[in-house]
Amino acid sequence: MKTLTTFWLALLLGQALALSETVVTNIAAGGENSFFIKSDGSLWGMGNNQAGQLGVGIFYATNQPQLIVTGGVTAVTVGNGVTTDAHCLFLKSDGSLWGMG
């Protein structure tokens with residue numbers, strides 16, 4: 001039993017350390033959603049997804065960060081107006097521009 005407990009504690013500690021190694025390097029906040037890039041280049045988003053601006057395939061709102069792209073993202077922006085807030089654009093390290101919403 002002690003070995004199993006030690007295993008789970010080591011696993012949890014390892015996950016905590018892995019999480020602490022990535023920090024938020026860039027954010028973009030719109031009227032209804034927010035996005036952030038972590039130091040590993042991953043793109044995360046949360047908020048309204050009525051027009052698919054989170055790019056996660058189903059249309060719902062969430063207050064929990066959703067992983068959108070696993071890596072290679074260098075910049076992100078969102079629409080910030082009454083009629084232009086339902087999209088997100090992000091730039092990848094290969095120079096490609098992507099959009100959602």
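## Exercises on a predicted fold

Residues 24 or more positions apart account for 33% of the contacts in the protein with a separation of 6 or more, where a contact means heavy atoms within 4.5 Å. This is a predicted model, in which local features need pLDDT of at least 70 and side-chain atom pairs count only at pLDDT 80 or more, while totals for chains, interfaces and linings use all residues. Residues are numbered from 1 along each chain as its sequence is written, and side-chain values use heavy atoms, with hydrogens and water left out.

**Exercise 1. List the elements from the N terminus on, and find what share of the residues is buried.**

Step 1: Start with the elements: there are 1 helix and 7 strands. These are DSSP runs, numbered from the N terminus (helices are H or I, at least four residues; strands are E, at least two).

Step 2: Walk along the chain, and you get α-β-β-β-β-β-β-β.

Step 3: Of the 101 residues, 28% are buried. Buried means under 20% relative accessible area, exposed over 50%, and partly exposed in between (1.4 Å probe, protein chains only).

**Exercise 2. Work out which residues touch the most other members of the largest nonpolar core, and which strand gives the largest share.**

Step 1: Get the term straight: a nonpolar core is a set of buried Ala, Val, Leu, Ile, Met, Phe, Trp, Tyr and Cys residues joined through side-chain atoms within 4.5 Å.

Step 2: The largest core has 13 residues, and Phe-35, Leu-43, Val-76, Phe-90 and Met-100 touch the most other members.

Step 3: Strand 2, strand 4 (62-69), strand 5 (73-78) and strand 6 each supply at least two residues of this core. Strand 5 provides the largest share, with 3 residues.

Step 4: Zoom in on Leu-43. Not counting residues up to four places away in sequence, Leu-43 touches, among others, Phe-35, Val-76, Phe-90 and Met-100.

**Exercise 3. Is Ser-42 buried or exposed, and which side chain does its own side chain meet in a polar contact?**

Step 1: Look in the loop between strand 2 (33-38) and strand 3, where Ser-42 lies.

Step 2: Ser-42 counts as buried because its relative accessibility is 3%.

Step 3: The side chain of Ser-42 makes a polar contact with that of Trp-44, at 2.9 Å. For a polar contact you need a pair of N or O atoms within 3.5 Å; within protein, one must be able to donate a hydrogen and the other to accept it, and residues adjacent in sequence count only if both atoms are side-chain atoms.

**Exercise 4. Follow strand 3 into the loop after it: where is Gly-47, and what does the Asn-49 side chain reach?**

Step 1: Gly-47 sits in strand 3 (residues 43-47). This glycine is buried, with a relative accessible area of 15%.

Step 2: Leaving out residues up to four places away in sequence, Gly-47 touches several residues, including Leu-54 and Tyr-60. The C-alpha atoms of Gly-47 and Tyr-60 are 8.5 Å apart, with their positions 13 residues apart along the chain counted as the separation.

Step 3: Asn-49 is in the loop between strand 3 and strand 4, and counts as buried because its relative accessibility is 0%. Its side chain reaches the backbone nitrogen of Leu-54 at 2.8 Å.

**Exercise 5. Is Gly-31 buried or exposed, and how far is Gly-31 from Val-78 in space?**

Step 1: Find Gly-31 in the loop between strand 1 (24-29) and strand 2.

Step 2: Gly-31 counts as exposed, at 62% relative accessibility.

Step 3: Gly-31 and Val-78 are 47 residues apart in sequence and 9.0 Å apart in space, C-alpha to C-alpha.
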